[in-house]
Amino acid sequence: MTKVLYAIASLVAVVAVLATIVYNTAAGQDAILDRALKAQFSQPPVAVDGLRVVVCGSASPLGNNPDRAQACIAVLTPEHFFLFDVGAGSPSRLGQARLPMGRLDGVFLTHFHSDHIAGLPDVRLASWVQGRKQNLAVYGPPGINTVIDGFNLAYSLDNGYRVAHHGSELLPPAAGVMKAELFQPGEIAWQDELMTVTSIEVDHSPISPAVAYRIDYRGRSVVISGDTVATPGLFAAAQGADLLLHDALSRPLLDPMIAVATELNVPVIPTIMTDVIDYHADSQNLEARTAEAGIKQLAYYHLVPAPPNALAEKIFARGLSPETILVHDLQTFDLPANSTEIFISDR
Ligand SMILES: [Zn+2]
Ligand SMILES: [Zn+2]
């Protein structure tokens, strides 16, 4: 027995010494770097023949959590790739998920709060340098022209620098510019023979307009709420959907934050945290409506506040069914075409 323990200890020591040598020598470092770069630059194919939904941001602006970017949902099919909101931090998540930015077809915005649009310039750049050749289409309700005109003006110098530096053959100047695509709430925002993106008017008052989106593709469907209270119109439009990603506010997590901030006389924050209660959906108000609408899977994103750790997630989920998912950044939902299966994976 002593001999066996001695052998195991010796083996562990040898492995530790070898790892230290690899980590601290130029040759060892270069070998590790080579492996990491090959993993980074190899693009995994879209394996699913239906809808793939990737969470590229699950946070609201409330709460600090470096593991959660602000609102962003990626939807991929074999033919298309769209983003739904691109909050701060989400461009990094898109890189981590190794999504095929060069074939990005467009971005849909639910409304124009900063936590839904701040990532637009970096998404424009990432998709441009990875091969997108046309304007980046950005779809939204009235207000979209103001947002896109502003970004285009702010980044006009940046566009010029990059074209001058790398050449217009590599970086076509038109592709550095975003193009506003306006629709009215409730209208079909985009459609081809296989896929339909329908906008749904929601209630994020006093912010208006605000829309959710329903995406239908080969017998599968996903609804993305954006920011809203529990809205009958959303559940009517989401009838029978496979997956509902809904924003959610947790009173069990938010109320103690308000109480402590008030007790410690933190300026402004207690009032802001109280103001948000009436324009996001209370996490307790959605499960029954989801079941009534025949929606198969409810998942919460745009978490208010964004839980910073596992304990906070437990508090956030208090009172919820174990079937309801609190999503994580990079979580992926695969919905094969003409099926009822949903495969969920973390990366
Ligand atoms: Zn909002
Ligand atoms: Zn928001």
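Counting disulfides in this predicted model turns up one. The bond runs between Cys 56 and Cys 72, with the two sulfurs 2.1 Å apart, which puts the pair inside the 2.5 Å cut-off. Cys 56 sits in strand E1 (residues 51-57) and Cys 72 in strand E2 (residues 72-76), so the link ties together parts of the chain that are 16 residues apart in sequence. As for its handedness, the bridge between Cys 56 and Cys 72 is left-handed, with -80 degrees about the S-S bond. Neither end is out in the open, so to speak: Cys 56 and Cys 72 are both buried.

Now for the metal. The zinc ion (ligand 2) picks up its donors from Asp 115 (OD), His 116 (NE2), Asp 227 (OD) and His 302 (NE2), at 2.1 to 2.2 Å. Read along the chain, these donors are spaced as D-H-x110-D-x74-H. Asp 115 and His 116, which open that list, are both buried.

What is the geometry of the site of the zinc ion (ligand 2)? It comes out as irregular, the angles among the four donor atoms running from 88 to 170 degrees. A tetrahedral label would need all angles between 85 and 135 degrees, and the upper end of the range here, 170 degrees, rules that out.

One of the donors does double duty. Asp 227 bridges the zinc ion (ligand 2) and the zinc ion (ligand 1), and the two ions lie 3.5 Å apart.

Definitions and conventions:
Residues are numbered from 1 along each chain as its sequence is written. Chains are lettered from A and ligands numbered from 1 in the order in which they are written. This is a predicted model: local features need pLDDT of at least 70, side-chain atom pairs count only at pLDDT 80 or more; totals for chains, interfaces and linings use all residues. Side-chain values use heavy atoms; hydrogens and water are left out. Helices (H or I, at least four residues) and strands (E, at least two) are DSSP runs, numbered from the N terminus. Buried means under 20% relative accessible area, exposed over 50%, partly exposed in between (1.4 Å probe, protein chains only). Donors are N, O and S atoms within 2.8 Å of the metal (3.2 Å for Na, K and Ca); water is not among the atoms, so sites may look incomplete. Four donors count as tetrahedral if all angles lie between 85 and 135 degrees; four count as square planar and six as octahedral if opposite donors are over 155 degrees apart and all others between 65 and 115; anything else is irregular.
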